[in-house]
Amino acid sequence: MATVAAGSNKRGGGRGRKALVAVLDNEANISAGKAAAQAGDLSASSAQKAKRAPARSGKAAKAAAAVVDDVAELQGMLERLRLEKEKAEEMVRERDEVIRKKEEEIETKEKERERLQAELRKVQRAKEFKPTVSLPLVKSLLDKEQDADDKGKKKKGKGKAGLERKKPCPAYVLWIKDQWVEIKKENPEADFKEVSNTLGAKWKALGAEEKQPYEERYRQEKEAYLQVVGKEKREAEAMKLLEEQQMQWTAKELLEQYLKFRQEAEEGDGKKGKRKNSKKDKDPSKPKQPMSAYFVYSQERRAALVAEKKNVPEIGKITGEEWKNMTEAQKAPYEEVAKKQKEEYHKQMEVYKQKKIEEAASLEKEEEEQKKIMKQEALQLLKKKEKADNIIKKTKEKRQKKKQENADPNRPKKPASSFILFSKEARKQLLEERAGINNSTLNALISVKWKELSSEERQMWNDKAAPAMAAYKKEMEEYTKAHSSSA
């Protein structure tokens with residue numbers, strides 16, 4: 001019975017629990033009714049027996065005793081049924097409590113799920129952040145240059161790495177280039193090693209006057225190379241400086257956009273955003289594709305079919321069937337119109353392509369002009385930086401020079417203060433306790449220990465430093481007097 005009640009509670013909730021209590025009550029009432037009916041029947045039968053046999057008093061007494069026993073047994077059954085009913089009701093109450101707890105747990109989980117979904121929506125909106133900040137112009141131009149250089153290197157040397165600008169050849173190599181052909185004419189069968197050895201021996205035998213033209217040529221080429229490389233290096237350094245400045249501006253702008261995006265996302269929490277069209281924007285100046293013969297025909301028929309109140313799918317179906325059933329002669333006018341449109345389209349495309357080439361050339365020219373302007377800006381920025389660095393350097397040098405000029409070897413040296421004396425002792429102790437500790441942490445610990453000292457302990461260290469300080473003051477007085485008298 002309890003199993004049936006539990007099953008019905010799972011399926012029906014509160015309604016099942018009420019039905020179970022009603023069933024239990026009915027069963028108990030039916031059982032009690034049956035017991036009462038049995039007792040009534042027994043009482044009636046015993047009364048009839050007593051009337052039929054009044055003379056048999058012994059038998060009547062026995063029958064009455066049996067009736068009393070039956071009644072007692074029925075009362076015991078009723079008591080057991082009552083106890084079973086109470087037990088079933090207790091089980092139902094326990095089951096109700098379990099179900100209530102489960103419902104509360106489900107409700108809590110539902111709230112947690114809604115909270116997590118809200119957080120997920122926030123995260124998804126954060127992932128959809130699309131900044132409108134463009135790449136700094138310096139960086140984009142430099143990237144284009146790098147890509148062009150990489151492509152040129154791959155075409156030229158099939159991926160071989162190397163500087164595009166060659167270093168100047170030494171005097172010996174320049175001389176070899178002039179003499180190589182002559183040596184090969186004299187010894188056509190000589191291999192590379194033999195020719196190299198012959199040229200090496202000849203170069204060693206040459207005098208200084210004969211080597212002079214090649215050395216002079218090498219010197220000039222080297223000076224020109226270093227000048228160009230130095231200029232390129234300086235320009236690269238200036239462009240890097242300008243790029244860093246522009247990247248800082250870009251980072252600021254990007255941060256402002258992100259903060260604005262987060263604010264808008266928080267304000268519009270729970271609202272569905274409009275779906276943005278992800279299609280690529282078409283070029284309005286690009287010529288439209290020409291229509292085929294079938295589309296020319298369907299365009300002509302559309303007006304009549306629309307007048308007949310046909311919808312778009314029906315129009316497409318009707319025109320398709322009609323086009324299939326048309327003869328070649330009937331299709332010929334429409335194909336002629338389509339052919340003319342195609343020819344016109346090709347002409348327009350040629351003009352469009354030429355226009356795009358001119359625009360690309362113009363854009364490239366503008367980029368070159370912009371690059372020159374930016375190089376000038378970068379060089380000006382570099383000059384300002386170098387000027388500031390030079391001022392700082394000169395100031396430091398002046399201070400150092402002044403300090404050295406003012407330094408007198410006969411001037412008494414200032415003794416260690418109480419803190420310095422304490423730090424020496426504390427440093428030894430801390431290094432023993434904490435091996436491998438770094439210097440910054442050690443200095444911090446010493447400062448903390450000094451601050452934690454009591455006034456008596458500090459006085460002890462002051463007393464230790466006092467004799468040296470008194471001697472220093474005395475020496476300084478003497479030094480001052482001597483210095484002033486000599487002056």
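**A note on the helices and salt bridges**

1. Let's start with one side chain: Arg219 is partly exposed, its relative accessible area being 37%. Arg219 has a salt-bridge partner in Glu223, with 2.7 Å between the closest N and O atoms. Glu223 is partly exposed as well, because its relative accessibility is 46% and the partly exposed class runs from 20% to 50%. Both residues sit in helix α7, four residues apart, or about one turn of the helix. Elsewhere, salt bridges with shared partners tie Glu79, Arg82 and Glu86 into one network.

2. Before going on, keep in mind that this is a predicted model. Which secondary structure elements does the protein have? There are 13 helices and zero strands. Read from the N terminus, the order of elements is simply α-α-α-α-α-α-α-α-α-α-α-α-α. The protein has 487 residues, and 18% of them count as buried. If you take the contacts with a separation of 6 or more, 74% are between residues 24 or more positions apart.

3. Back to the charged pairs. How many salt bridges does the structure hold? The count is 13. As general background, side chains of opposite charge can pair when their charged atoms come close. Another pair in helix α7, which covers residues 208-267, is Arg217 and Glu221; they are four residues apart, so about one helical turn separates them. Their closest N and O atoms are 3.5 Å apart, and the two form a salt bridge. Arg217 counts as partly exposed at 37% relative accessibility, and Glu221 is partly exposed too, with a relative accessible area of 31%.

4. Helix α3 (residues 57-127) has a pair with this spacing: Arg100 and Glu104 are four residues apart there, which means about one helical turn lies between them. Their side chains meet in a salt bridge, at 2.6 Å from N to O. Are these two buried or exposed? Neither, quite: Arg100 is partly exposed, with 36% relative accessible area, and Glu104 counts as partly exposed at 40%.

5. Now for helix packing. In general terms, two packed helices are described by the angle between their axes and the distance between the axes. Take helix α5 (residues 171-186) and helix α6 (residues 192-205): their axes come within 10 Å and cross at roughly 120°. That angle is why α5 counts as oblique to α6. The crossing of α5 past α6 is right-handed.

6. Who makes that contact? On the α5 side you'll find Ala171, Tyr172, Trp175, Ile176, Gln179, Trp180, Ile183 and Lys184. On the α6 side there are Phe192, Val195, Ser196, Thr198, Leu199, Gly200, Lys202 and Trp203. Sorted by class, the α5 and α6 contact comes to ten nonpolar, four polar and two charged residues.

7. A second pair worth a look is helix α11 (residues 418-433) with helix α12 (residues 439-452). These pack at an angle of about 120°, and their axes are 10 Å apart. So α11 and α12 are oblique to each other, and their crossing is right-handed.

8. The α11 part of this contact is made by Ser418, Phe419, Phe422, Ser423, Ala426, Arg427, Leu430 and Leu431. The α12 part is made by Asn439, Leu442, Asn443, Leu445, Ile446, Lys449 and Trp450. By class, the contact of α11 with α12 has nine nonpolar, four polar and two charged residues.

9. Ser418 deserves its own point. Ser418 lies in helix α11 and counts as buried, because its relative accessibility is 13% and buried means under 20%. Which residues does Ser418 contact, leaving aside neighbours within four places in sequence? They are Trp450, Trp461, Asn462 and Ala465. Trp450 also turns up on the α12 side of the α11 and α12 contact.

10. Finally, Met460. Met460 belongs to helix α13, which spans residues 455-486. Between Met460 and Ser418 there are 8.8 Å in space, C-alpha to C-alpha, although the two are 42 residues apart in sequence. Is Met460 buried or exposed? In between: Met460 is partly exposed, with a relative accessible area of 41%, while Ser418 is buried.

Conventions
Residues numbered from 1 in each chain as written. Predicted model: local features only at pLDDT ≥ 70, side-chain atom pairs only at ≥ 80, totals over all residues. Heavy atoms only, no water. Axes fitted to C-alpha atoms, helices over the stretch in contact; angles between N-to-C directions. Helix = DSSP H or I, 4+ residues; strand = E, 2+ residues; numbered from the N terminus. Parallel < 35°, antiparallel > 145°, perpendicular 65-115°, else oblique. Left-handed = near helix turned anticlockwise from the far one by under 90°. Contact = heavy atoms within 4.5 Å. Nonpolar A, V, L, I, M, F, W, Y, C, P; charged D, E, K, R; others polar. Salt bridge = Lys/Arg side-chain N within 4 Å of Asp/Glu carboxyl O. Buried < 20%, exposed > 50% of the residue type's maximum accessible area, 1.4 Å probe, protein only.
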